[in-house]
Amino acid sequence: LDPVGRATRGEIVGFWDPTGAEAAAPRIRSVERGVVDVVISSLPYRCPPAPYGLAMRLARRARRLSQRLQVRLVTPEEHPLAALGRVLGDALLAGCQGAGVEVSLGAEIDPDALAGGAVTAGADNRDEADLTIVIPRHRTSPLLVGRVETNSPLVAAYGRIRITYPDGPPPRAQPAVVIDPATPALATDFEEADRQWRALRVESW
């Protein structure tokens, strides 16, 4: 994860690993009014639905505690979970609306500014947030550098786990899970999914 520096206005904290969560927890508890932003800094990132769930939980917590707190989610995505179709993304947006979370899609965010404690390089109304919780830019693990593009025969066969929700989105509906064993024939599907994923990226690894 990229480092996140101290902000000149409000507070900004990186949040996507145990260390970040430990740092964010007391700051979240200390904010009782004002604006809290949950900012997705760049794509891709681990567990795409999680920032939306975090924002909803923060908004519901504020409502339960009768706090005058506005929660906003800011993301460069044009639509949540676009690679999986619109159904789950629409469900996330509906959940945010129900929880009172304001969602800003297609936002211009400067991941390089985060180390200096800013969300964008220039002036922006997100500077007015009392607390900004940032999902930092993800980079390739040093252990994987040089291995992502390998053509080794060790990765010539692919398995697949398919999870669908035939009766609607969670939490009410139950998933249907199908596990396809590894075969070379699945390589074509994997390569097409990889091509689509790369087309959605904002920041290169």
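Is Cys47 buried, exposed or partly exposed? Cys47 is partly exposed, because its relative accessible area is 47%, between the limits of 20% for buried and 50% for exposed. The model described here is a predicted one.

## Overall make-up

The chain has 205 residues, and 35% of them are buried. Its secondary structure consists of 4 helices and 7 strands. Read from the N terminus, the order of elements is β-α-β-α-β-α-β-β-β-β-α.

About 12,500 Å² of surface is exposed by the chain, with carbon and sulfur atoms supplying 54% of that area. Among contacts in the chain with a separation of 6 or more, 70% are between residues 24 or more positions apart.

## The five-stranded sheet

Five strands form an open sheet with parallel pairing, in the order E1-E5-E2-E3-E4. At the edges are strand E1 (11-14) and strand E4 (102-104), each of which pairs on one side only. From one strand to the next, the twist averages 20°. Strands of a sheet pair through backbone hydrogen bonds, and the pairing can be parallel or antiparallel.

One of the pairings in the chain joins strand E2 (residues 33-40) to strand E5 (residues 131-135), in the parallel sense and over 5 bridges. Within this region, Asp37 has Thr132 of E5 as its bridge partner.

## The loop between E2 and H2

Pro44 is located in the loop between E2 and helix H2 (50-64). The peptide bond between Leu43 and Pro44 is cis, with omega at about -5°.

Cys47 belongs to the loop between E2 and H2 as well. Its phi is positive, about 55°, although Cys47 is not a glycine. As stated at the start, Cys47 is partly exposed.

## Aromatic residues

The structure contains 2 aromatic pairs. Trp16 and Tyr45 make an edge-to-face pair, with 6.5 Å from centre to centre and 75° between the planes. This pair links distant parts of the chain: Trp16 is in the loop between E1 and helix H1 (18-30), Tyr45 is in the loop between E2 and H2, and the two are 29 residues apart.

Both Trp16 and Tyr45 are buried. Phe15 joins them in a cluster, in which ring pairs link Phe15, Trp16 and Tyr45.

## The loop between E3 and H3

Which side chains make polar contacts with the side chain of His79? One is the side chain of Arg86, at 3.4 Å. Another is the side chain of Asp90, at 3.0 Å. His79 itself lies in the loop between strand E3 (68-74) and helix H3 (86-99).

His79 counts as buried because its relative accessibility is 11%, and the cut-off for buried is under 20%. With neighbours within four places in sequence set aside, the residues in contact with His79 are Arg86, Gly89, Asp90 and Leu93.

Leu81 is also placed in the loop between E3 and H3. Leu81 has a positive phi of about 50° without being a glycine. Its relative accessibility is 10%, so Leu81 counts as buried.

## Leu92 and its contacts

Leu92 is a residue of helix H3. With a relative accessible area of 13%, Leu92 is buried. Outside its neighbours within four places in sequence, Leu92 is in contact with Pro49, Tyr52, Met56, Pro80 and Leu81.

How many residues apart in sequence are Leu92 and Pro80? They are 12 residues apart, and the C-alpha to C-alpha distance between them is 7.3 Å. Leu81, the buried residue with a positive phi, is among the contacts of Leu92 too.

Note on methods
Residues are numbered from 1 along each chain as its sequence is written. This is a predicted model: local features need pLDDT of at least 70, side-chain atom pairs count only at pLDDT 80 or more; totals for chains, interfaces and linings use all residues. Side-chain values use heavy atoms; hydrogens and water are left out. Buried means under 20% relative accessible area, exposed over 50%, partly exposed in between (1.4 Å probe, protein chains only). A polar contact is a pair of N or O atoms within 3.5 Å; within protein, one must be able to donate a hydrogen and the other to accept it, and residues adjacent in sequence count only if both atoms are side-chain atoms. Contact means heavy atoms within 4.5 Å. Accessible areas come from the Shrake-Rupley method with a 1.4 Å probe; for residues, only the protein chains shown count as cover. Two strands pair if DSSP finds at least two bridges between them. Axes are lines fitted to C-alpha atoms, for helices over the stretch in contact, and angles run from 0 to 180 degrees between N-to-C directions. Rings of Phe, Tyr and Trp (its six-membered ring) pair if their centres lie within 6.5 Å; planes under 30 degrees apart count as stacked, over 60 as edge-to-face and the rest as tilted.
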